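Me: I would like a close look at one part of this model. Please take chain C and go through what it touches and how it packs.

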Amino acid sequence: MRIPCPWCGDRPLSEFTYGGDASKARPKNPEKASPEEWVDYVYLRDNPAGKHTEYWHHSGGCRSWLMVTRDTRSHEISRAVLAKPQPGGATS
Amino acid sequence: MTQFQVILRKGEASRSLEIMEDDGLLICATGPDEFWVFSEQHDAQGVETVLGRMIGETASLFDQSHGRVVLRIEGPRTIEVLAKGSPLDFDALPVKGAAHTVIEHIPVLISRREAAGPYDVSVPRSYAASFIAWLEEAI
Amino acid sequence: MSRQTNRLPEGGLVDRTQVISFTFDGRKFKAHPGDTLASALLANGIHLTGRSFKYHRPRGIYTAGAEEPNALVTLGNGGRTEPNTPATMVEVYDGLKARSQNRWPSLKFDLLSVNSLLKPFFPAGFYYKTFMWPRSFWYRLYEPMIRRAAGLGTLANESDPDRYETAHTQCDVLVVGAGPAGLMATREAARAGVNVLLVDEQPLPGGHLTGEADKVDGKSGAAWAAGMADELRAMENVCILSRTTVYGRYDGMTFGAVERVGDHLSPDSALPRQRGWTIQTRQLINAAGAIERPLVFAGNDRPGVMLAGAARVYVNRYGVLPGRNVVVFTNNDDAYRTARDLSQAGANVTLVDSRAKEKVHSRGVLPASVEMHFEQYISKVKGRSHVGRVTLAPSGTEIACDLVCVSGGWTPSLHLLSHVGHRPEWDEASTSFVMKEPGDEARAAGGAAATFDLNETLREGSKAGKAAAEACGHGIPGKTNLPKADDLPAYHIEPLWRVPSAMSRADGSFVDLQNDVTVADLELATREGFGHAEHAKRYTTLGMATDQGKLANVNALGILSQLQGRPISETGTTTFRPLTAPAAFGAIAGQARGSAFRPIRRSAMHLWHENHGAVFTQAGLWLRPYFYPREDEDFAAAVKREVLAVRSSIGMVDVSTLGKIELKGPDAGNFLDRLYINAFSKMKVHRARYGVMLREDGMVFDDGTVSRLGESHYFITVTTANASAVMQHMEFCHQVHWPHLDVQFCTVSETWAAMAVAGPKARDVLARAVNGLHLENHAFPFMAVGEGTIGGAPVRVFRISFSGELAYEVYTPAGYGADVWEAIMAAGESDGITAYGTEAMTVMRTEKGHVAGPELDGRTTAADLGLGGMMSVRKNFIGRWMASRSGLEGQDRLQLVGLKPVRSDETFRMGAHLVKDIGVTGVDVSHGHISTSVYSPTCDHFIGLAMLRNGRERHGETLQVVSPLHDESVSVEVVGPVFSDPDGEKMRG
């Protein structure tokens, strides 16, 4: 399987490290968040059969964290963008 | 060879400066916020001075010269040999460009000096002996 | 040496000008270059090549290709022994030695063929129902007995000495199969300008054409193919790999293949034996052809019975006539070419067709001498070690023969189209499974698409090549000149899944030859409720042998559908998975074996350690000195000496493996505040501080040292084991959580060599070596950071202590590492400076109660470890909120304590559990476990660090340490975790 790193181009899976569900956002206000919000962020995950947006780290390449949309049934990757917001709003 | 890792400061991600050769330095973009600078001409002090003039306060510099060993590989079988350890399309690397990748489980930085080679492989120092052993066997 | 009795006077592609010799089961035979072991054996009149898996029935060569189920031989000797090799795929070289398998004492007289007589006791699934009592006998007697009696080849117990390689390549279009479809597809795609890789498992191009008598453009198939291959080789954008099998298709259009580089050469060749390829492509053209299937009747497994297509391959490609009195039994038109080719080669041929005369299109193809029977089946085969006579039904006619050629139809090879999950569909018209929707990136042409007409195949191949190129963005307009092949009658087939049981015994009608599965077994599976294809496969083991059911699967599905009265489309299929053919592990591993399996990381001082007798240990990929034994010292003696040397005078340890990260930028301190439980943004410049990092769930993640080198310049160290994980975590936090922070950081683990100098004499010794730095206590107190030089090399010195002694960590750019180390050793010689390894280091940190890896196991919080006081309440940091959740508080938490044995000569081990009373069993008896235990020279007894329920309240209590697996138990006293210098005076003086 290959992942299309927005910077480096298509690279083999062995260059990447999986980073978990990217649809969970860390509580914006950590001090004010309730214990339930924290538990939800740290532990609770959906497991969809279908498109899933997840973090991958290009550890063997440019070391960017990516948000990748992958179909969990076919491994088809429909989108891959840099997790870090780019100046000018560019994602790749 | 003197090698510097240059990381752009916040808001400075520049797409225009992808590859540049000037004043004894080869500067290659290697990531969204990162450049590597190679120089056979200047030592660390010299590179810092030249870079300082070029980029001012827009980036932080890290001297990586001691952390890496550079192997210069040339000859018509270069890509064939490197391809024994990596699925990267070495022919697609831009001339004078550099890319981080992995060869036989070893993280490396490859730069293509000329269209027909040589290829410089910058290997982290602790892995150098293993990489050379692999290379000798692959040749 | 026997003569080649079956070699035809002319014909075939073998090089008749050269005669080579080979050995089979100790007998020497002649052959020609270009022969396979199978063709050479047949040329010498040998059909019997093996004994079947379960029943040890005599078996002969059945096919001419990789799908061979019977003729499996063992090649090579010693570590080169390769069992289960199809004789049809072995290229004969002078001196080749092969032997048959699964028989004793010999092929002709195999004692284990008694299994055949015991057949009624060994139906499918017998091990679920028999050999069950007494239960203990299964593992002790039955299973070993059955295992020894069944099986094919035997593995060598020696390491494989051959050299293998791996390689990677990329192309735009991958064409699998260099037959007519594949050659045309390659040419068209290459002309359109894309990069094409053409792969074929045979040494010569042409696919099935090399085994046919049909002409293309007036030339023999082999000659036409050779001409095409020459044309393709001259094109720069075409690469051809022959003797290469594409064994698997993986996600994202990645393919695996094995190239047999040196197998056809003698073993002393300098080339690698095999090369494992990983191929990345954009388009696939599956031109892998089709595989013929047998007909199913009693005795269809006897030596002398073979596939009709294979028989004519032996005539046309190898110039070998496998028999003189031939019966061809078929349900389709294709086998008529076999009758024609064998008859023209001089055999007496009788053709038996299960269909009515009117259905047949190919009668005109046959010479008049061929006797024909229509609407007849073979019902019985006579002859044990070779076919002698067949009986037809319903007529009862008997025909004497020495070769029976069977054809049940052709099965397109769909594997590479279905490995990634596409399922094939049953096509009534061609009586085969086809891939109707192969996806946008794959196409099939020729036999692989159930196209059996040669002209249509050439057209299809050309079209596929153009379409694949267009899908890559390269189109060429205009027509192509297609070559013209001999016209053949249309291919008609009438399915005959098995000769009806009334005419032919079900328990002698083999469906899967390699696993000895008969029609009776399928009937049994259906009766027992395992009639669905997936169930029947596992119940009978049909399709599970090394040939993966290539000859058996479709017949089995047809038989099952008949037994259940359902159409094949409803019987289900099993899933095709890689590998399509067995591959040697060596080809997958390439160079990555033995010491080259993983890279080894060495520090800048590695050579010094080697030269001074260090015994190394592996810490991840690193080699680290474990201890440095002097003459006559064992492990315990060396470690004791090293520890005592450090605590009484001075020692030095290489700590270069620590993860090191450098940070710059105005927000660097702010960033560190968010990562660590304690604060660093207000730390003074030229100071260091111990830091602890948590995970987001509140558990301790890592610990290390943070030093401030300047206003916006920090340098941190993290544990060796977590170096990558921490760096990844920091990059995640910066890129995802806090991209607005103006901080730049990178790993400098490789850039700096590091050594810790420790002991009461450390200051004196270092002062001799260092220039430009004052080391007196007032100038350089505990936790100070400074810069200087040693012998001209720049050094950073940090006064931090892991050992608990007066200590300094000296960092220098790695290129100077060895020199700086030696300079310090020289400076310390008069004080008896001692190099120490990781074990001594572990002993000393344990004596000081410093936590390390075993205590940071992902289940402990800072509070558990006694570090709760470090948690800041004034800032946000990763893990703060989850660390304070109520579930992580209370008396049940395991807390860090020290342990010492009540009897000072007793020992205990890591992982042992702490209980109140031995002998009380139950779920909850463990009060905790030992995380670290070592012999302490300083205390002269064993000491341990342990995680104990409510441990801090239990100092002074006596507990039992138990290790039931080792049958050990020891009494211990719970104490504080610091055993040496509890007030830390030595560190701070």
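Reply: What follows covers the contacts of chain C with its neighbours, then a helix pair, then the core.

Keep in mind that this model is predicted. Start with the side that faces chain B. Here 28 residues from chain C meet 27 residues from chain B. Several strands of chain C each supply at least two residues to this side: strand 8 (164–170), strand 16 (274–280), strand 36 (659–664) and strand 40 (744–747). Strand 8 of chain C gives the most, with 6 residues. By class, the side of chain C that touches chain B has 8 nonpolar, 12 polar and 8 charged residues.

Now turn to chain A. In this contact, 17 residues of chain C touch 21 residues of chain A. Two helices of chain C each supply at least two residues to this side, namely helix 19 (723–737) and helix 23 (880–883). Helix 19 of chain C has the largest share, 6 residues. The side of chain C that touches chain A divides into 6 nonpolar, 6 polar and 5 charged residues.

A word on the partner. Chain A has 1 helix and 6 strands. Along the sequence, the pattern of chain A is β-β-β-α-β-β-β. Of the 92 residues in chain A, 30% are buried. The C-alpha atoms of chain A fill a box of roughly 40 × 35 × 20 Å along the principal axes.

Next comes a helix pair inside chain C. The axes of helix 20 (residues 762–769) and helix 21 (residues 817–828) of chain C come within 8 Å, and they cross at roughly 120°. That angle makes helix 20 of chain C oblique to helix 21 of chain C. The crossing of these two helices of chain C is right-handed. Which residues meet? Helix 20 of chain C brings C:Val765, C:Arg768 and C:Ala769, while helix 21 of chain C brings C:Ala823, C:Ile824, C:Ala827 and C:Gly828. This contact between helix 20 and helix 21 of chain C has 5 nonpolar, 1 polar and 1 charged residues.

Last, the core. In soluble globular proteins, nonpolar side chains tend to be buried together. The largest nonpolar core in this model has 324 residues. C:Val328 and C:Val757 have the most contacts inside that core. Take C:Val328 and leave out residues up to four places away in sequence. C:Val328 then touches C:Ala308, C:Ala335, C:Thr338, C:Ala339, C:Val349, C:Leu351, C:Val352 and C:Cys405.

Technical notes
Residues numbered from 1 in each chain as written. Chains lettered and ligands numbered in written order. Predicted model: local features only at pLDDT ≥ 70, side-chain atom pairs only at ≥ 80, totals over all residues. Contact = placed C-beta atoms within 7 Å. Helix = DSSP H or I, 4+ residues; strand = E, 2+ residues; numbered from the N terminus. Nonpolar A, V, L, I, M, F, W, Y, C, P; charged D, E, K, R; others polar. Axes fitted to C-alpha atoms, helices over the stretch in contact; angles between N-to-C directions. Parallel < 35°, antiparallel > 145°, perpendicular 65-115°, else oblique. Left-handed = near helix turned anticlockwise from the far one by under 90°. Core = buried A, V, L, I, M, F, W, Y, C linked by C-beta atoms within 7 Å. Buried ≥ 20, exposed ≤ 12 C-beta atoms within 10 Å, placed from the backbone.
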